[in-house]
Amino acid sequence: MKIRNNIALSDSGFIFDPSTGDSFSLNPIGLEILRMLKSGKDKSFILTYMVDTYQTDMETAEKDYDDFMGMLTQFHLLQEK
Amino acid sequence: MATQRLQYERPLIQRVNTGILNKFGTRTEYAPFTHIDGVSVKSLISEFGSPLFVLSEKNIREKYQEANRAFKTRYPKVQFAWSYKTNYINAVCNIFHQEGSWAEVVSGFEYQKALKNGVPGNKIIFNGPDKTDEEITLAIQNKSPLHIDHLDELYRVTEIATELNIRPEVAIRVNMDTGIYPMWDRFGFNYENGQAWDAINKIILSDKLELTGLHCHIGTFMLSPSAYAVAASKMSDLAIGVLQKHNIKIKYIDMGGGFASRNTLKGAYLQGVDTSPSFDQFAEAICTAILNAGFHKDDLPLLILETGRALVDEAGYLLGSVISNKRLSDGRRATIMDFGVNVLFTAFWYDHKITPAQEFSHYTEDTVMYGPLCMNIDVVRETCTLPPLKKGDHVVVHTVGAYNMTQWMQFISLRPPVILIDRNGKPQIIRKRETIQSIEMEEILPAQLKDFKL
């Protein structure tokens with residue numbers, strides 16, 4: 001899954017979608033995941049990073065990652081397959 | 001040495017809506033609510049379980065004293081009567097009785113509770129439209145003020161009093177137009193159309209009952225003190241009329257209850273804490289109207305108040321825990337709690353303030369809060385703005401002291417315990433967690449239904 005190329009991502013966690021004019025805000029962990037997605041990292045890499053870096057377990061990290069990806073899909077921020 | 005891992009928070013993304021009103025409202029909670037009267041929420045849940053009702057004795061007494069002071073500094077004769085239906089856990093009732101409240105009951109069950117709590121019969125006001133012959137008889141024998149709701153009851157009380165050869169003290173409930181909508185006219189006798197005068201005349205002319213009081217209760221969750229001024233004027237007009245026409249002094253005017261608490265009604269644009277009038281505002285409206293009505297200073301009636309909700313609502317908290325989070329089909333976050341509308345009955349009409357009980361970041365998400373019941377109607381908050389909560393996190397629901405511990409339902413699960421934090425900050429159980437025995441003790445299983453084969 002990759003973020004659409006034309007999505008603008010600011011350092012502070014703001015997203016701008018030029019095709020719709022919609023803006024979004026992210027919390028710091030959301031921003032980190034989005035950056036990793038933008039740089040082409042896959043789910044397995046991201047989850048391992050989350051568990052190594054944060055006080056969470058694989059089950060929770062995966063559940064929350066899937067939920068987050070669901071929201072990105074809902075907001076049409078991911079590339080069409 | 002292993003690197004310290006950072007605090008985790010669920011990843012969040014939210015659409016930014018600028019320039020339009022957010023239907024979820026603005027965020028109001030910036031700090032976790034971790035302690036009640038100095039006792040930690042975490043320790044309460046760990047000791048008594050979740051969900052859990054917690055009441056603050058300190059808050060109850062302070063609220064009572066605030067209300068008492070508001071009225072007594074404006075009017076010479078004031079008496080509060082604790083509205084049992086608002087919260088009839090005995091410990092709560094007795095706090096009010098210790099503070100000086102009489103009891104105000106609306107059923108035979110509540111009447112028995114007040115008697116068992118040790119309230120003298122002549123200090124139990126008996127309201128309500130349904131009083132059985134046995135209850136009327138008992139109330140007459142105990143010299144309890146009987147507040148008559150309808151003509152059928154008036155006739156029945158007269159008959160029973162005649163049989164007992166006792167002339168009981170009674171009042172009539174009066175309903176009236178106070179300029180608010182909806183007008184409460186289903187209880188008592190109407191002022192404007194003459195029903196109230198008709199009932200007064202019947203009582204006085206029969207000479208079997210002693211008319212000592214006039215009672216009204218103009219509505220519930222009243223946000224307008226001026227409506228009470230109208231009501232107090234009309235009640236005073238009746239009392240002065242009775243004195244002039246029949247030369248009978250009305251001993252008391254009972255203004256009932258209905259003062260709003262600081263909860264927020266569903267659909268209200270502003271928060272309850274910003275719109276709910278103070279006791280001083282209600283007291284000013286009522287006392288000024290009676291004092292200006294034209295009573296001779298020796299004839300001023302006792303002012304009785306049956307305030308319930310405004311006295312106990314803020315003292316109550318419901319502690320609960322997150323069972324799960326899920327995402328609804330439209331992308332909204334849903335959080336499932338371990339308490340539902342079965343114990344938090346007031347969720348049907350309030351948008352209760354809900355605060356996380358542990359540290360959280362400033363990132364929030366619009367959330368639907370559901371209860372655990374397998375019922376679609378089990379919605380605690382249709383929309384609220386909350387930080388990311390995970391399974392096992394605790395929340396505190398505020399302002400739940402009124403009507404929940406009397407209107408809660410034993411539906412598919414057992415009702416939680418109720419804890420009182422006393423004035424020394426010590427938590428005490430005042431109602432135990434129900435057990436399956438509490439529910440099944442009243443069931444009878446016929447012999448032919450005891451066995452089956454599957």
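Two strands count as paired if DSSP finds at least two bridges between them. Keep that in mind for the exercises, and remember that this model is predicted.

**Exercise 1.** Work out how strand S11 (residues 210-216) of chain B sits among its neighbours, and whether S11(B) is enclosed or not.

*Solution.* Start with strand S9 (residues 169-175) of chain B: S9(B) runs parallel to S11(B), and six bridges link the two. For a concrete pair, take B:Val170, whose bridge partner in S11(B) is B:Leu211.

Next, look at strand S12 (residues 252-254) of chain B. S12(B) also pairs with S11(B) in the parallel sense, here over three bridges. One pair to find on screen is B:His215 with its bridge partner B:Asp254 in S12(B).

Now follow the chain from S11(B) to S12(B): together with helix H8 (residues 225-246) of chain B, these strands make a right-handed β-α-β unit.

Finally, check burial. Five of the seven residues of S11(B) are buried, so the strand is largely enclosed by the rest of the structure.

**Exercise 2.** Describe the side of chain A that touches chain B, and find a strand pairing that joins the chains.

*Solution.* First, the head count: 21 residues of chain A are in contact with 16 of chain B. Strand S3 (22-26), helix H1 (28-38) and helix H3 (58-74) of chain A each supply at least two residues of chain A's side. H3(A) gives the largest share, seven residues. Sorted by class, that side has nine nonpolar, nine polar and three charged residues.

Then the pairing: S3(A) and strand S1 (residues 13-16) of chain B pair in the antiparallel sense over four bridges. Within it, A:Phe24 has B:Arg15 as its bridge partner.

Definitions and conventions:
Residues are numbered from 1 along each chain as its sequence is written. Chains are lettered from A and ligands numbered from 1 in the order in which they are written. This is a predicted model: local features need pLDDT of at least 70, side-chain atom pairs count only at pLDDT 80 or more; totals for chains, interfaces and linings use all residues. Two residues are in contact if their C-beta atoms, placed from the backbone, lie within 7 Å. Ala, Val, Leu, Ile, Met, Phe, Trp, Tyr, Cys and Pro count as nonpolar, Asp, Glu, Lys and Arg as charged, and the others, Gly among them, as polar. A residue is buried if 20 or more other C-beta atoms lie within 10 Å of its own, exposed if 12 or fewer, and partly exposed in between; C-beta atoms are placed from the backbone. A crossover is right-handed if, with the strands pointing away from the viewer, the path from the first strand over the helix to the second runs clockwise.
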